[in-house]
Amino acid sequence: MSSTPSTPTTPSTSSTRKGVRGSTLSFWIFTGPFLVGLVVFVYIPIGWSAWLSFFEARYTVTPDKFIGFDNYKLMLTNGDFTGSLVTFTVFAAIIVPVTWALSLGLALMVHRLRFMKAFFRSVFFLPTACSFVAASLIWKMSVFSGVRFGMMNTVLGWFGVENIAWLADPNPPWYWLVIVTVRLWLQAGFYMILFLAALQNIPPVLYEAAAIDGARPGWQTFRHITLPQLRATSTAVILLLLVAAYQAFDEFFNLLAKTTWGRPPLVELYYTALGDDQDYGAGSAGAVILTLLICMVTLLQGRFLGFGKGEDAR
Amino acid sequence: MTTVVPTRRRGRRGVLGSAGLYFATAVCALLFLVPFYLIVRNALSTDAEITGENWQWFPSTVQWGNVTELFDDPTVPFGRSLGNSAVVGILHTVGTLLVCSLAGYGLARIPYRHANKIFYAVLVTLMVPAAVTFVPSFVLVSSLGWVSSMQGLIVPGLFSGFTCFLFRQYFLGFPKELEEAARVDGLGYWGAYWRIVVPNSLNFFAAIATITFISGWNAFLWPLVIGQDQEAWTVQVALSSYMTNQTVNFHLIFMATAVSILPLVLVFLFLQRWLVQGVAQTGIKG
């Protein structure tokens with residue numbers, strides 16, 4: 001498109017032409033502050049860190065010793081970093097389907113309520129107000145505290161079960177139960193809201209038609225009407241959950257402080273770059289690897305699942 | 001008319017089914033409320049009651065003194081961190097809304113030759129969550145000398161590609177006629193934006209503001225990285241420090257948790273309408 005007034009696609013009355021002429025300046029006044037910030041605080045850091053990743057940069061961010069791909073080799077052969085990717089994979093494999101199922105289940109229940117609907121919706125949504133730090137604190141200090149007066153140990157004690165060291169002992173890995181439940185509690189209500197909105201948009205005509213066709217209410221209508229109608233939302237929820245799991249940091253950092261197990265990528269990166277070594281070169285290489293991985297995931301999901309498709313269905 | 005269909009089938013089974021439904025929902029709701037109960041119970045008990053031999057459901061006397069003890073505790077500057085969080089939360093919200101809504105409007109409504117290319121440059125940043133690039137961001141912010149400072153906590157977070165994208169989508173759907181009327185009255189883009197577009201979009205702004213404030217208040221990774229001095233701690237960093245402290249004062253820790261959650265619970269109770277809207281907006285497009 002050119003800025004010459006005689007473009008055939010746009011109707012060029014004198015008033016719009018005038019608007020277009022003055023609009024370049026307006027455009028920059030509106031978008032300028034944001035774009036400058038975006039370049040300075042998003043593009044430059046990523047570029048800088050790509051540059052740093054090829055240097056030996058310990059305790060400094062203006063290094064001069066070029067070492068090629070050594071930082072990448074270091075990270076990819078480093079058992080801790082690759083192990084953190086495994087931790088993420090395990091975590092995602094559990095948390096994504098479980099949160100999906102629970103939030104959908106809650107939405108189906110709340111959707112069917114005829115009175116006190118708003119109350120129950122609020123109750124399930126309320127944990128979203130908590131931060132991961134606050135929730136981790138409750139989980140670590142009270143619910144899954146490894147000592148006798150921890151809530152779970154108290155309840156188990158009523159049935160004569162010995163105290164369990166939920167977080168302090170990786171064998172058996174009870175810490176996964178703690179990690180998963182804390183995120184489940186915090187997030188389920190958020191995704192329930194998304195499912196509730198989607199449930200409200202299903203035309204009731206579909207259920208009437210299904211009833212006429214002899215589908216029994218319950219599993220049959222759920223399987224053949226509700227679930228397909230929620231496809232777009234389900235896809236979106238799964239992707240959101242996946243991206244959120246990839247960025248998991250707060251609860252791992254707080255619940256498993258001072259332990260060597262259960263470190264997802266961001267926690268590992270935190271200790272690499274901001275721990276005792278302050279190895280910004282290796283930390284940057286790790287950040288670049290993680291960035292490339294998430295870009296790949298985003299592009300793949302766009303290709304295979306397609307937000308465009310989802311929007312048509314809605 | 002449409003509501004008749006499900007109710008018609010309700011016989012005795014329907015009544016039983018709906019009792020079961022309410023029972024199941026109530027059990028789930030109780031489970032969801034347990035952590036809140038624990039916060040309140042522990043915050044208002046003494047340590048002896050919390051760690052006692054037998055489980056105590058409620059403190060024998062409510063310890064309101066825990067509140068003042070929390071703010072007088074010299075080891076963790078809790079009051080200061082609460083103030084920091086309030087400043088950060090408010091400036092983060094106002095700044096993000098201002099910068100991102102202007103950009104969103106520019107991208108949606110003001111014709112410019114390269115607008116599409118610029119929009120793609122914004123979209124690309126959506127692929128990379130800010131948390132993933134915290135090391136590079138820290139490198140930049142530290143070389144600006146912004147570690148342990150308010151601007152270091154606030155400014156890097158203002159330029160959210162996602163929020164800009166949400167505003168652009170919203171403004172694309174804003175009725176053009178209103179703006180054209182403003183144009184006829186002699187207002188430029190700037191005047192039309194502030195006098196017509198913003199006043200007619202307050203619902204949307206409120207929804208995004210609520211979501212932005214909550215995420216700012218609850219943010220942890222970036223404040224942890226930047227807040228190297230106690231002076232610059234936000235409330236989340238202070239909370240986290242309790243968990244690694246040598247001495248454990250259960251009643252103080254839980255009082256701190258309660259105080260840190262209280263503002264957001266109030267937001268939830270009073271702004272829930274916008275919050276639900278905001279979640280629906282941000283979630284679906286996510």
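A residue is called buried here if 20 or more other C-beta atoms lie within 10 Å of its own, with C-beta atoms placed from the backbone. The structure described below is a predicted model, and the buried residues of one helix of chain A make a convenient starting point.

**A helix of chain A**

Helix H3 of chain A runs over residues 79-112, has 34 residues and reaches 49 Å from its first C-alpha to its last, which is close to the 50 Å expected at 1.5 Å a residue. Its buried residues include the aromatic side chains A:Phe81, A:Phe88 and A:Phe91, and the list also holds A:Ser84, A:Thr87, A:Ile95, A:Thr99, A:Ser103, A:Leu104, A:Leu106, A:Ala107 and A:Val110.

**Confidence in chain A**

The mean pLDDT of chain A is 81, and 89% of its residues reach 70 or more. Two stretches of chain A fall below 50 in pLDDT: residues 1-19, with nine contacts in the model beyond near neighbours in sequence, and residues 307-314, for which seven such contacts are found. Where pLDDT is low, the predicted coordinates should not be read in detail.

**Domains and annotated spans of chain B**

The domain assignment divides chain B into domain 1, residues 4-69, and domain 2, residues 74-285. The centres of these two domains of chain B, taken over C-alpha atoms, are separated by 33 Å, and 13 residues of domain 1 are in contact with eight residues of domain 2. On the side of domain 1 of chain B that touches domain 2, helices H2 (12-43), H3 (47-50) and H4 (65-72) of chain B each supply at least two residues, and H2(B) gives the most, with four. By class, that side of domain 1 has five nonpolar, six polar and two charged residues.

In an unreviewed UniProt entry, residues 21-40, 86-107, 119-141, 153-171 and 250-271 of chain B are listed as "transmembrane region". Two of these spans are set out below.

| Span of chain B | Helix | Strand | Distance between end C-alpha atoms |
|---|---|---|---|
| Residues 119-141 | 70% | 0% | 25 Å |
| Residues 250-271 | 95% | 0% | 31 Å |

**Where the chains meet**

How many residues of chain B are in contact with chain A? There are 79 of them, and they touch 79 residues of chain A. On the side of chain B that touches chain A, H2(B) gives the most, with eleven residues, and by class this side has 55 nonpolar, 22 polar and two charged residues. Helix H2(B) thus gives the most both to this side and to the side of domain 1 of chain B that touches domain 2.

Methods. Residues are numbered from 1 along each chain as its sequence is written. Chains are lettered from A and ligands numbered from 1 in the order in which they are written. This is a predicted model: local features need pLDDT of at least 70, side-chain atom pairs count only at pLDDT 80 or more; totals for chains, interfaces and linings use all residues. UniProt positions are given in the numbering used here, feature names are shortened, and annotations may be inferred rather than shown by experiment. The expected span of a helix is 1.5 Å times one less than its number of residues. A residue is buried if 20 or more other C-beta atoms lie within 10 Å of its own, exposed if 12 or fewer, and partly exposed in between; C-beta atoms are placed from the backbone. Domain bounds come from an automatic or database domain assignment. Ala, Val, Leu, Ile, Met, Phe, Trp, Tyr, Cys and Pro count as nonpolar, Asp, Glu, Lys and Arg as charged, and the others, Gly among them, as polar. pLDDT is the predictor's confidence in each residue, from 0 to 100.
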